[in-house]
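Q: I have not looked at this one before. Can you take me through it?

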There are 2 protein chains.
Amino acid sequence: MWSDHINYYGDMRTHQLVLTWIEKQLSEGALSVGGRLPAERTLAEQLGVSRTSVREAIRILEAMGVVRAGVGSGPEAGTVVISDPTAALGSALRLHVATQHLPVADIVETRVLLESWAAARARADAPELEQAATLLDEMDAVGHGSREADAFLALDVRFHLCLADAAGNAVVSAMMGSLRESIQGYAATLTANLPDWDATAQRLQAEHRGILAAIRNDDGDLAAKLVAAHIEGYYREAGVRHAAKS
Amino acid sequence: MWSDHINYYGDMRTHQLVLTWIEKQLSEGALSVGGRLPAERTLAEQLGVSRTSVREAIRILEAMGVVRAGVGSGPEAGTVVISDPTAALGSALRLHVATQHLPVADIVETRVLLESWAAARARADAPELEQAATLLDEMDAVGHGSREADAFLALDVRFHLCLADAAGNAVVSAMMGSLRESIQGYAATLTANLPDWDATAQRLQAEHRGILAAIRNDDGDLAAKLVAAHIEGYYREAGVRHAAKS
DNA sequence: GTCGGGCTGTGGTCTAACCACACTGTAGAC
DNA sequence: GTCTACAGTGTGGTTAGACCACAGCCCGAC
């Protein structure tokens, strides 16, 4: 039966065999986003492995943001193929930050790099800019006080992601989102260091509008400079010495 | 006992509970790189879950490049904490490329972005440059013929990683390595498109030396330009229209 | 026609067992 | 005394089988 096939993969661990099979299906287009994997029991029987091994492979894919598992029956149930690269990169980066082998400073630096590039490259007529403008208005609308800082920051994240999306590079967008996610918990605590949140929020908003205006004026260089200053300024104010490499 | 604790995490899936516990240990420094996780059976008992769930969590960490599992006994055995962000990002990107939701063009573009930045920022006296020079000599030494192209490309990967490391940003290095890995299979087939591999290899080597010289002369801007031209030129010659976004 | 309750198929979890592996220590041969 | 062979021990790797919760579906009672 499939024993020859198994032998070909030799010393590969069982769940890796399942992963290879699924990745092959994806590459060949037999599985695509929105499609559903065979049921775990079915897949196990098809590949001649135990359900446990199939589940381990699916767990990995789930962690990678490639599939989503849902119980029950119906269209929302089963294991369906999605595509959420941000989730994968984000949790990976977060874990490695936890091991303290990825300095937060390097993450901030990379974020500046990616966002500057995105701002410089964003198209002035990108539809994402409309959404970005809406988000800025919402940020103005949130009340004052430290309690509201979280809401402000949540909108801030989406604003920056909109700018990244406007550059039209899915990889850069995903990486930016994951960088942001990986230090989200970190950034949230930073607001406590700020002497005057209201003043900071107003300054950030002014900077946001300056960046948006620069992009809409097709002044990519200016937009990139403003973004870099915006991010670095925030972390510097909150007490992170990230650019002090020397 | 731990039931209160369990209730706190409420609807969290069991393996996520294990993941949370391990990540907490990492954050607190109770576990660090080189350390060993408790044995699977022990951990299962400690956390009050089944070994299955513990294994699923460990599988995810393994896929993320956070741990390495080894059978047997002795210092090399057991589940030990490592830190290989490149592995995580690489396989994640590769999988999403397979779903065709991450265009190869975007990956190449991002690679140009990151490598240009790294070249511009690399220190002229970085020790990694020595290694890079050695790699160039080795590339010269490999024989001609398409059979040797693989060996050449393998050294080429390491050369570019050296340059990235010279910039001193772990996140950028990891992302670069993962980008390269995610399209490795893709890039290998590209050489078949080349009309004259020997000529291409010689040109690449000349460009490599030019880049290295620029970095050593502290001419970051030139190095960045050369790197961008180097990468884009290769893919263009091999038949990838990646910059043709318009 | 509407409501209720089983039926079915999905992932989620657990238990218990076995295997392969690599070291470790000890008993025996020399 | 030293070396060798081998059983012991602890590790991850894998499997089978069972049970649960969930969500949709279908059919019968009313």
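What follows is a short talk through the chains, the helix packing and the DNA contacts.

Q: What kind of model is this, and how are things numbered?
A: It is a predicted model, where local features need pLDDT of at least 70 and side-chain atom pairs count only at pLDDT 80 or more, while totals for chains, interfaces and linings use all residues. Residues are numbered from 1 along each chain as its sequence is written, chains are lettered from A and ligands numbered from 1 in the order in which they are written, and side-chain values use heavy atoms, with hydrogens and water left out.

Q: How many helices and strands does chain A have?
A: Chain A has twelve helices and two strands. Helices (H or I, at least four residues) and strands (E, at least two) are DSSP runs, numbered from the N terminus.

Q: In what order do the elements of chain A run?
A: From the N terminus on, the order is α-α-α-α-β-β-α-α-α-α-α-α-α-α.

Q: And what does the C-alpha trace of chain A span?
A: About 70 × 40 × 35 Å along its principal axes.

Q: Which domains are assigned in chain A?
A: Domain 1 covers 2-81 and domain 2 covers 86-237; such bounds come from an automatic or database domain assignment. Taken over C-alpha atoms, the centres of domain 1 and domain 2 of chain A are 36 Å apart.

Q: Switching to packing, at what angle do H2 and H3 of chain A pack?
A: Helix H2 (residues 14-28) and helix H3 (residues 40-47) of chain A pack at about 100°, and their axes are 11 Å apart. Axes are lines fitted to C-alpha atoms, for helices over the stretch in contact, and angles run from 0 to 180 degrees between N-to-C directions. H2(A) is therefore roughly perpendicular to H3(A), a label used for angles of 65 to 115 degrees.

Q: Which residues make that contact between H2(A) and H3(A)?
A: Val18(A), Trp21(A) and Ile22(A) come from H2(A), and Leu43(A), Gln46(A) and Leu47(A) come from H3(A). Contact means heavy atoms within 4.5 Å. By class, the contact of H2(A) with H3(A) has five nonpolar, one polar and no charged residues. Ala, Val, Leu, Ile, Met, Phe, Trp, Tyr, Cys and Pro count as nonpolar, Asp, Glu, Lys and Arg as charged, and the others, Gly among them, as polar.

Q: What about H2 and H3 in chain B?
A: The axes of helix H2 (residues 14-28) of chain B and H3(B) come within 11 Å and cross at roughly 100°. That makes H2(B) roughly perpendicular to H3(B). Val18(B), Trp21(B) and Ile22(B) of H2(B) meet Leu43(B), Gln46(B) and Leu47(B) of H3(B).

Q: How do H6 of chain A and H9 of chain B cross?
A: The axes of helix H6 (residues 104-121) of chain A and helix H9 (residues 170-182) of chain B come within 7 Å, crossing at roughly 65°. H6(A) brings Asp106(A), Ile107(A), Thr110(A) and Leu113(A), which meet Ala170(B), Val171(B), Val172(B) and Met175(B) in H9(B). The classes in this contact of H6(A) with H9(B) are six nonpolar, one polar and one charged.

Q: Now the DNA. How many residues surround strand D?
A: 24 residues surround DNA strand D, and the closest are Arg13(A), Thr14(A), Ser53(A), Arg51(B) and Arg55(B). A residue counts as near if one of its heavy atoms lies within 4 Å. Sugar and phosphate make up 67% of the atoms of DNA strand D that come within 4 Å of the protein.

Q: Which residue has a side-chain N or O atom 3.0 Å from a base nitrogen of strand D?
A: Ser73(A). A backbone N or O atom of Gly72(B) lies 3.4 Å from a base oxygen of DNA strand D, and a polar backbone atom of Glu40(B) is 3.1 Å from a phosphate oxygen of DNA strand D. A polar contact is a pair of N or O atoms within 3.5 Å.

Q: And which residues are closest to strand C?
A: Arg51(A), Arg55(A), Arg13(B), Thr14(B) and Ser53(B), out of 24 that surround DNA strand C. A polar side-chain atom of Arg51(A) lies 2.9 Å from a base nitrogen of DNA strand C. By class, the surface near DNA strand C has four nonpolar, twelve polar and eight charged residues.

Terms used. Polar contact = N/O pair within 3.5 Å; in protein donor to acceptor, adjacent residues only side chain to side chain. Parallel < 35°, antiparallel > 145°, perpendicular 65-115°, else oblique.
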